[in-house]
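This report introduces the structure shown below to a reader who has not met it before. It takes up confidence, a helix contact and the surroundings of a ligand.

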Amino acid sequence: MAEPNGRTGLNRTTEPKLLLIPPLETALANFSSGPEGGVVQPLRTVVPVEKYNGFLGVMPAYSAVDDALTTKLVTFYENMKDTSVPSHQATVFLFDPRNGTLKAVIDGTVITAKRTAAVSAIATKFLKPAVADVLCILGAGVQAHSHYEIFTELFSFKEVKIWNRSREKAETFAQSVKGPAQVCSSAQEAVTGADVIITVTMATTPILFGSWVKSGAHINAVGASRPDWRELDDDVMRNSVLYVDSREAALTESGDVILSGAEIFAELGEVVKGTKPALSEKTTVFKSLGMAIEDTVAAKLVFDSWSSSN
Ligand SMILES: NC(=O)C1=CN([C@@H]2O[C@H](COP(=O)(O)OP(=O)(O)OC[C@H]3O[C@@H](n4cnc5c(N)ncnc54)[C@H](O)[C@@H]3O)[C@@H](O)[C@H]2O)C=CC1
Ligand SMILES: O=C([O-])C1=[NH+]CCC1
């Protein structure tokens, strides 16, 4: 559990995939502490590029505790014809907060993949049922890979089931990961019996239906970051306990939250701080939209480790 302005209770780890977890827990807790947490993070600006089904997101943040100032620029494009280009591309600019000097320009695509998966892992640590044997991943892109990596490192699932809109991509995924993954022919088959579910698709209409979800399961809803996009149906949204990264962002950007009218129970940072309970015996949804402060602490970690080795 993290104190605002303090360290998390997790041990610092040397496992590279897990290094992000303690600073992210602290950042989530600080973000949810209001002004005394020292996080300044306006709602991101998103510029639609309608002609090409694309978006440019501008994500600035400052963390007083870390004394770190960044902005990420991220583009994300739907239905791309050219599959050699990733659907999400990002760059993080790290500034010296004392004078505004640009200190580093860091690839943000890997940071986005890793920090998003690490935040889902934090939510899962708190919200998964006591017995969690089966993991289900819907989607087989960049985020599916980063989530698979950290979830199989951190938790002990007996089975990982994966579904993707095109089966071929799910099969490529299953062959490329370092561990087992069972390809399913339908999303329903993948979801049935799963204790933890991750949705990481570019879907704009629901791909996960409440009637399929095992009672008590935990869902990390990572895609659908536009107010008119959905990954989850009304049933699962309304009949689960809903956690979000940021209330303000969820009520502005998340189609799953806005269109279902589901009530937000808590921010993940409030759970990390211990001011809101983790109702892990209930069916839970963590609606992740991605926060600039996550990029700030991840970029600082990258920069500090690069500086100390040079
Ligand atoms: N919450 C957060 O912090 C972040 C969320 N995201 C979101 O996570 C999701 C996955 O991102 P990436 O893995 O980078 O994308 P990706 O393009 O690498 O993978 C997307 C996957 O979704 C599948 N897909 C595409 N359209 C679909 C549809 N209509 N229905 C079902 N499946 C469909 C594709 O086959 C592919 O496997 C996106 O929605 C993205 O915006 C991405 C970064 C951060
Ligand atoms: O946090 C992030 O970088 C993003 N969230 C949705 C698309 C990109």
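## Confidence of the model

The structure is a predicted model. The chain has a mean pLDDT of 94, and 95% of its residues reach 70 or more. Residues 1–13 have a pLDDT below 50, yet this stretch has 33 contacts in the model beyond near neighbours in sequence. Where pLDDT is low, the predicted coordinates should not be read in detail. The scores of the model are ipTM 0.99 and pTM 0.95.

## Contact of helices α1 and α10

Helix α1 spans residues 21–31 and helix α10 spans residues 292–308. Their axes come within 9 Å and cross at roughly 145°. The crossing of α1 and α10 is right-handed. On the side of α1, the contact is made by Pro23, Leu24, Ala27 and Phe31, and on the side of α10 by Ile293, Glu294, Val297 and Leu301. By class, this contact has seven nonpolar residues, one charged residue and no polar ones.

## Surroundings of ligand 2

Ligand 2 is surrounded by Gly57, Val74, Phe76, His88, Thr112, Ser225, Leu289 and Gly290. Domain 1 (16–111 + 293–308) and domain 2 (128–291) both give residues to this shell, so ligand 2 lies between them.

The table sets out the classes of residues in the helix contact and in the ligand shell.

| Site | Nonpolar | Polar | Charged |
|---|---|---|---|
| Contact of α1 with α10 | seven residues | no residues | one residue |
| Shell around ligand 2 | three residues | five residues | no residues |

Methods: Residues are numbered from 1 along each chain as its sequence is written. Chains are lettered from A and ligands numbered from 1 in the order in which they are written. This is a predicted model: local features need pLDDT of at least 70, side-chain atom pairs count only at pLDDT 80 or more; totals for chains, interfaces and linings use all residues. Axes are lines fitted to C-alpha atoms, for helices over the stretch in contact, and angles run from 0 to 180 degrees between N-to-C directions. Helices (H or I, at least four residues) and strands (E, at least two) are DSSP runs, numbered from the N terminus. A crossing is left-handed if the near helix is turned anticlockwise from the far one by less than a right angle, and right-handed if clockwise. Two residues are in contact if their C-beta atoms, placed from the backbone, lie within 7 Å. Ala, Val, Leu, Ile, Met, Phe, Trp, Tyr, Cys and Pro count as nonpolar, Asp, Glu, Lys and Arg as charged, and the others, Gly among them, as polar. A residue is near a molecule or strand if its C-beta atom, placed from the backbone, lies within 6 Å of it. Domain bounds come from an automatic or database domain assignment. pLDDT is the predictor's confidence in each residue, from 0 to 100.
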